[in-house]
Amino acid sequence: ERTVEIRVASQDTLIGLCQKYLTHPEKWPQVSKLNRLPDSNRISPGQKIIVPVALLKGTPMDGVVSSLQGEAFLNPTGNSEWRPLQLRDTVKEGSSLKTAANSSLEISFEDGTSFLLREQSLLTVKASKKGMLHFLRVLRLEGGKIISKVKSATGKDSRFEIETPSALAAARGTHYRVAVDGQGTTRAEMLESRIDLSAMGTTVALKEGEGSVARRNEPPSPPIKLLDPPEPQGVAAVYGNASSTVSFSRVQNAAQYRVLLARDQEGKQAARIAVIKPDEGFVFEGLDDGNYYLLASSIGEEGLEGPLSKPYEIKVR
């Protein structure tokens, strides 16, 4: 369990510290036990007291819609009607979010942390709080895929967890994906630093470039190396508005490629998205004039998706 350290000052007492920092100060015996205090009434200046982040006080921390492609919807309480989201809309604790086909939604927080919901995803913001010592976010992903970027804050613990029907992904890293399919299977993909994926009493630590699969009522798989992205073959500088096809290099052990054309180099503003077999081409047409970026990733036999390729510019005239 994630914890923070509180340095004891002169005249501090354990109960006094718990009244100051805990949502439920009456849980001070739990803090005493965690710290193995021989006498709860005696703590000394300079001593470090460890407190679980889950027990700390916090005030609500709203998210903001920072990027929106296609259609996305918000249900403020989980029991009310869905309404369309717009840029700069506020997302509060307890809200549910969903994205339509060929759509994506990015939510950003004041500490620089953000998450991007891909197409046809459903998520609930179970907790979003900030306190003197911590930032806390707990998300429930029912289906689809989320890409999280967790920013560390000096002097504060950033706790970012994603629950799914079959597992729990807890961030010790900064950039990772979690996906849930129609059978409730969870797939976690570590893009930078590390996360812990837990299910059925087993925890797997994923390092950068690794993934794991957790099926319902099963522990997560051992770490699996993510596949490198494919490279497009013969991308011309300019395409006409008619139908165009891009082929890709073969990546060993890849079952599929995920390909998108986007207005931005990160792939947030996708204009076309497709999942193709390695021997198929990516076909697109009917795009408005302008500059686009082609990005692709490899999907292995276990359904784990590797990192995105570098963006390849395509000009449509």
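Which residue in the turn of the hairpin formed by β9 and β10 has a positive phi? I opened the notebook with this point, working from a predicted model.

**Entry 1. The hairpin of β9 and β10**

I looked up the turn and found that G112 has a positive phi of about 95°. Five residues lie between the two strands of this hairpin. I then noted how the strands pair: β9 and β10 (residues 114–117) are antiparallel and share four bridges. As one example of the register, S108 has S114 in β10 as its bridge partner.

**Entry 2. The other partner of β9**

I next followed β9 to strand β4 (residues 63–69), to which five bridges join it, again in the antiparallel sense. Here V65 is the bridge partner of I107 in β9. I also checked how covered strand β9 (residues 104–108) is, and four of its five residues are buried. I recall that strands of a sheet pair through backbone hydrogen bonds, either parallel or antiparallel.

**Entry 3. R137**

Is R137 buried or exposed? I recorded a relative accessible area of 1% for R137, and it therefore counts as buried, the cut-off being under 20%. R137 belongs to strand β12 (residues 134–149). I looked for a polar partner of its side chain and found D111, whose side chain makes a polar contact of 2.9 Å with that of R137. Leaving aside neighbours within four places in sequence, I listed the residues in contact with R137; among them are M61, F109, T113, A127 and S128. R159, F160 and E161 are also in contact with R137.

**Entry 4. A three-stranded sheet**

I turned to an open sheet of three strands, in the order β21-β23-β26, with antiparallel pairing. Its edge strands are β21 (232–233) and β26 (282–284), each pairing on one side only. I looked more closely at β21 and strand β23 (residues 244–248), which are joined in the antiparallel sense by two bridges. In that pair, P232 has F248 of β23 as its bridge partner.

**Entry 5. Positive phi outside glycine**

Which loop holds Q11? I placed Q11 between β1 (3–7) and α1 (14–21). Q11 is not a glycine, yet its phi is positive, at about 75°. Its relative accessibility is 78%, so I entered Q11 as exposed.

I made a parallel entry for N253, another residue other than glycine, with a positive phi near 75°. N253 sits in the loop between β23 and β24 (254–262). With 54% relative accessibility, N253 is over the 50% cut-off and therefore counts as exposed.

Definitions and conventions:
Residues numbered from 1 in each chain as written. Predicted model: local features only at pLDDT ≥ 70, side-chain atom pairs only at ≥ 80, totals over all residues. Heavy atoms only, no water. Buried < 20%, exposed > 50% of the residue type's maximum accessible area, 1.4 Å probe, protein only. Polar contact = N/O pair within 3.5 Å; in protein donor to acceptor, adjacent residues only side chain to side chain. Contact = heavy atoms within 4.5 Å. Pairing = 2+ DSSP bridges.
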